[in-house]
Each structure stands twice: as C-alpha cells, then as structure tokens.
Amino acid sequence: MTDLAAYRNIGIFAHVDAGKTTTTERILKLTGKIHKTGEVHDGEATTDFMEQEQERGITIQSAATSCEWDNHRLNIIDTPGHVDFTIEVYRSLKVLDGGIGVFCGSGGVEPQSETNWRYANESEVARVIFVNKLDRMGADFYRVVKQVEDVLDAKPLVMVLPIGIEDDFRGVVDLLTRKAWIWDESGDPSAYTLEEPPADMDDVVEEWREKLIEMAVEQDDDLLEQYLEGNEPSVEDLKRCIRKGTIALDFFPTYCGSAFKNKGIQPVLNAAVDFLPDPTEVTPQPEVDLEGNESGEVATVDPDRPLRALAFKIMDDRFGALTFIRIYSGKLEKGMTVLNTFTGKTERIGRIVEMHADSREELDSAQAGDIVAVIGMKNVQTGHTLCDPKNPATLEPMVFPDPVISIAVAPKDKAAAEKLGIALGKMIKEDPSFRMETDVDSGETILKGMGELHLDIKIDILRRTHSIDVDVGKPQVAYRETITQRTEDVYTHKKQTGGSGQFAKIEYTIEPGEPGSGYEFESVVTGGSVPREFWPAVDKGFKKSMVKGVLAGFPCLDFKVTLTDGSYHPVDSSAVAYELAAAAAYRQSMPKAGPQLMEPIMRVDVYTPEDHVGDVIGDLNRRRGMIKSQDAGTTSVHINAECPLSQMFGYIGDLRTMTSGRGQFSMEFLHYMPCPKNVADEVIKETLAREAG
C-alpha cells in the first residue's frame, strides 16, 4: 500500500506561452521519466502529443503524467494556457491538490494567468509560483513579484533570488539556506554547483530573507515570540511554517529560473515536495445527494473507506475511450463493478492504466489519491461520480460555461455524413464546452464553442483525426433576448372536443429581472382560483418557451413571471391545460414587454509594440470596443478593452497586419449587453432570412 503522504497531485498552469510545457519537459527529464528533452517549438514536447498542438506550439488538452522525485510520487497535469481551452484548466484544478503557476519573466502576470489564478482560488488549490524565462530580454523578477501582489491580490513568499538577469542569468540564491545554485552553460540541469552567494548580493539576500522569516513565523505563535526576542528559527521550523501557510493559501512560495536553459527547476521540485499538500491535507470533496443538495458528508481521502471517484476528462485515442479518474476514497480494482450516480447504472472496470502523456502502463488496482485512466467505459462523462454500489454518493459536479459562438457544418458526401455524428459524439464527450445541435428547419449541424480558435481546432480534428471533410459556414454569434418593460396580462386556454375539454385561465405579470438573474417564477395566487398543484405546470410552460425569444428566436434571459390570479374548471382543468396556457401567454405577452436583443461582450487583452498603440485603439473603437485601461510593459503595451463578439471575427489577422506581426491578443466571455438598435435590426433581419431560406 502506498503511503499517501508521499503523493503530490499537481497541475502546471499559466498564460499562453509562459513556458508551462517546457517546464513540464524539464521536470520529466530531471526525474528520469524521459531521457531526451523534447522542445515545444520543434513540436516534440512529451505532453503536447496532438498534431494540432505540435504544429501550433500550444497546449490544447491537459495531459497527465507521473514521475518520482525525492521518494515522492508526482502526478502532473500540464494544462493549456489559451483562453479558448480554459475549461481544461478548470476541470484539472478541480481534481488537483496543488499547482505550479508559471509566469513569464518579461510578460509578467498576463490575462489568462488571472483567469487561471481565479479558478485556482475558487478550487482552493495551494500553489507555488515559478517566474520563468529570466534569460529573456526585458525579464525582471522583482517586477513580476510586485504584479502578483497588485494584479492577483496574492502574497508571494520569495524563496530564491536570481543571480544575473537576461543573458547573464546564471542561477539562484536559496534564501533559506543562503546557498547559491549556479548552473553551467552546458544545458544539463544536473550540472550545477552549490556555493556562497556573490558578495555584491549580501545586502539584498539578507533583506529578502528577513521578509521570508517574518511572513513564515506568523504561522506559529511560539516561533513568532522567539523571533521577536531575537532567536532565529531553524530551517526545519521555517519549512514547517511555510508548508502550513502554503496549504492554508496565506502565501505562495515564489521561485525563478529559465526552464528552457534548464536553470532553477530543482528548487521548484523540492518546493512541490516540501510545501504542496498531499491528498490527505486538502479540504475533502463535499458529497451531494441525487437531487444535488449537499448531504453534509465529505469524501475523506482514505483507501479503507467506500469508493468515491470523479471522472474529470474523457479522451478518445487509438486504443478506445479513456476516462481519467481522480480517486478520492477507497480502491479501484480491475474487474470490480462501480455505480455511476448520474446515470444510475453500474459499469465493470476493465483495464486501469497509468498515463504518461499518450503512452500507458497497465495497473491491477489504484487507490485513494491516485489519478488514473480506465479504458472502455461506455456511459461515463466528465463530472460523473463513480462509487461503491453498496454505498452510493455523488461528488460535487462540475459546472461548465455556455458556448458563445457557433458555426454550421455540412458533410461533403454521404460517407462523411454517416461518420460525422459518431465523431462529433466522441468529441463532445471529450470536451464539455463543445456542443452540437441540429437545426430542425434547415437540417444543418450547428457546432458551438468558446471562441474562433476552439472551433477551428475542432474542424481540424474532424478532418485529420476522423478523416471527415466538411463545408464550414460563417461563424454565428450566440445572441440572447430579454425584456425591458413590465406588463400585466391574462390568457384563457379553452378547447372543447368530443370528450372532456381543456380549460385554464391565468392572470400574470412579466417583468425584467436583474442582469444575470436568469428566469424566475413566483405565484401569489390566494383563495384557490388556480389550485396549487397546477402552479408547477404554469412555471413549466413559461420555462419551456424561454428557449425561443419573440424577436429572432434566440433564448430569452433575465425575466420574472408572477402568477397573480386565474380560474379553473373542476372537470376540464389539468396540468397540461395550464402548461399550454402559459406557453401561449408567453407568445402573447413578450412582444408587449419591450423585447430587446442582447449580444455577448468579450474581455479583450491586446499586447502591441508602443509605436502601434494608436492604430490598435482606433481599430478597437471602430469595432464598438470600450477601452478600459492601457499599461506600458517593458516590451509592449497591454490594452484591456470590452468588445462585442460579433465585431471580433478575424481579428488576429487584422492585428498582425497593423503591428507587423508582433501583436498578440486573447479574449474571453464577460457578459451580455443590449445590442444597439441598428445592429439589432440587422441581426434580426439576417436571422429571419436564414430561417426562411
């Protein structure tokens, strides 16, 4: 039985291009898991094994691998940095106990770092920080530390200081031991010496060491008292305090280096072992009942308790469907039967494998704390709980955002049409932020995703992995509708046929809700004019209708229906009659309530060289963008804006033209806002024409 204290389930996350995958490669090389280091820019990184990842030099799906360091087992997940694949980071953080946040030494805290940091805060994941790329032009370790404080509102606990910077970066000073790690220029990570820090750094080392001790001893009243009396704590006591504060999220041990040059990785690995929690030290996952309410029980990490495991990722490869599972309690053994609480069905565990990117090692069993993959599970999807059939329980499920962009695809021939449904089914299982629906009127297949790049990659996977050639339509924006006025109305549903008839009369008000409030229903009927058992039917009628707005058929948001009065017939009234009455009432009253089209607004972060700032801002203004801020960095200016998604298609090409190829941007969904009338009229006209045509 493995000792859980020697387990570390960690993720590596950061903004796109901060060096996560390169850092993972160096960790695998140092721990002896791989013998030749693959480079991202050559398309040879171990964890970037998809063709699309190798070509574009970005990580698209999180990859799992495990290795050993200092007699500890590290289960590592390398996550994507691009905003369109944030879902991968979110679901990985959900099952991890600790993380390494990688920041670029020159770029600093970039927008996607903020999003990932927010997810990690929500999931209460302890982290250490690694400031990478200190060999780059414009790198500044102290500036990035300040940004972590100001932008992320986090407390960095500086553990090492850089020796030299940019081309002169040679190593780091460990503040705990006052030893300098100096690497030679061979590129061999193990070719380093431990020596005394350079004499010209004595003052700065003592200054930062004092800050470190002061922050650490706050975790222990006795040590704090002794320190105030002039007694310096031992390194062991300090490590104990740092571990306690890191797990409590009071501060984040901060390291630096250059992963590409193989400098500074060992101290980060030591920190993962010394300061990040083992599976028993994190807050246990809350269990919920089958209705989704918290039961008060938690899944304590213990191999001797009943099985509780969460499927957090589905991946399809040449060997079949792989279901990635984090085991919270109990044991998982080959041949055993488990219950999926979402479907209510049991499944037999076939093969259990330990993943190393896209290669695997067969296992007979796994236990609490492990992250493994199971081959051949039929009905398990992301977020489903697997448990002991004799002791059922559900773990808190994952919540995924709604897509904001869609495209229509059509297979080019009959053979492709037959394969398309199966391929899309597999892809939707793998990625919960990717959706598909069939347009009932036109018969078109509509794909929905989180951004242009997201859908672009999906089409690429269809063509290459599944060999299906499709015609792709223009991207469509996921508009919404809402109302702006309160309206009181009445509707009577009467139908008399040969047998018993149908009768339902409802009086109601429809009014706008707060932004983000969704749909609300309330009944204030007194005296039984509409019997209580029919209220849910009225609610259901309105709720089913809201998927189609009255302007252009987009789903309706943020309104409240109040049932005020009505009447019923003792024989002819039924739940069905009231549901039909509510559906007709929706169609009758919504046009009177000032319907309005809403468009998705995106948070857009643009990085541009200083001499192109005017062009970029002018262009964003033309796209109906609102500039929120602009900050000058060492190498570029960061412009933060809010823009309608409909104006942002093809932006990357325009930005590259404007900035001679040097501009970069990322965007993520922010909220819905009312659409200007001239734009709304155009959208409604186009949508109705498309449906008619």
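pLDDT is the predictor's confidence in each residue, from 0 to 100.

**Figure 1. Confidence along the predicted chain.** This is a predicted model, and its mean pLDDT is 79. A value of 70 or more is reached by 83% of the residues. Confidence is lowest in helix 2 (residues 51–56), with a mean of 41, and highest in strand 11 (residues 252–256), at 92. Across residues 34–62 the pLDDT falls below 50. In the model, this stretch nevertheless has 96 contacts beyond near neighbours in sequence.

**Figure 2. Overview of the chain for orientation.** The chain contains 16 helices and 38 strands. Of its 693 residues, 55% count as buried. Contacts between residues at least 6 apart in sequence are considered here, and 71% of them join residues at least 24 apart.

**Figure 3. Ile100 and the largest nonpolar core.** This core has 70 residues. Ile100, Met159 and Ile242 are the members that touch the most others. The element that gives the most to the core is helix 9 (residues 265–275), which supplies 7 residues. Neighbours within four places in sequence are left out of the contacts of Ile100, which are Ile10, Gly11, Ile12, Phe13, Ile27, Val128, Phe130 and Val268.

**Figure 4. A second core.** Separate from the largest core is a second one of 45 residues. Its members include Leu462, Met602, Ile617 and Ala641.

**Figure 5. Helix 13 and the elements around it.** Helix 13 covers residues 575–589 and has 15 residues. At 1.5 Å a residue the helix should span 21 Å, and its end C-alpha atoms are 21 Å apart, so the expected and modelled values agree. The buried residues of helix 13 are Ala577, Tyr578, Glu579, Ala581, Ala582, Ala583, Ala584, Ala585, Tyr586 and Ser589. They pack against helix 12 (535–545) and against three strands: strand 31 (487–495), strand 32 (502–512) and strand 34 (559–567).

**Figure 6. The second largest cavity.** The model has 2 cavities of 30 Å³ or more. The second largest holds about 30 Å³ of space. Its lining consists of Glu481, Thr482, Ile483, Gly549, Val550, Cys556, Tyr586, Met590 and Pro595. Strand 30 (residues 480–483) gives the most to this lining, with 3 residues. Tyr586, one of the lining residues, is also among the buried residues of helix 13.

Definitions and conventions
Residues numbered from 1 in each chain as written. Predicted model: local features only at pLDDT ≥ 70, side-chain atom pairs only at ≥ 80, totals over all residues. Heavy atoms only, no water. Helix = DSSP H or I, 4+ residues; strand = E, 2+ residues; numbered from the N terminus. Expected span 1.5 Å × (residues − 1). Buried < 20%, exposed > 50% of the residue type's maximum accessible area, 1.4 Å probe, protein only. Contact = heavy atoms within 4.5 Å. Core = buried A, V, L, I, M, F, W, Y, C linked by side-chain atoms within 4.5 Å. 1 Å grid on protein atoms, 1.4 Å probe; cavity = no way out; pocket = protein on both sides within 12 Å on 5 of 7 lines; lining within 4 Å. Points joined across faces, edges and corners; volume = space filled by probe spheres on them.
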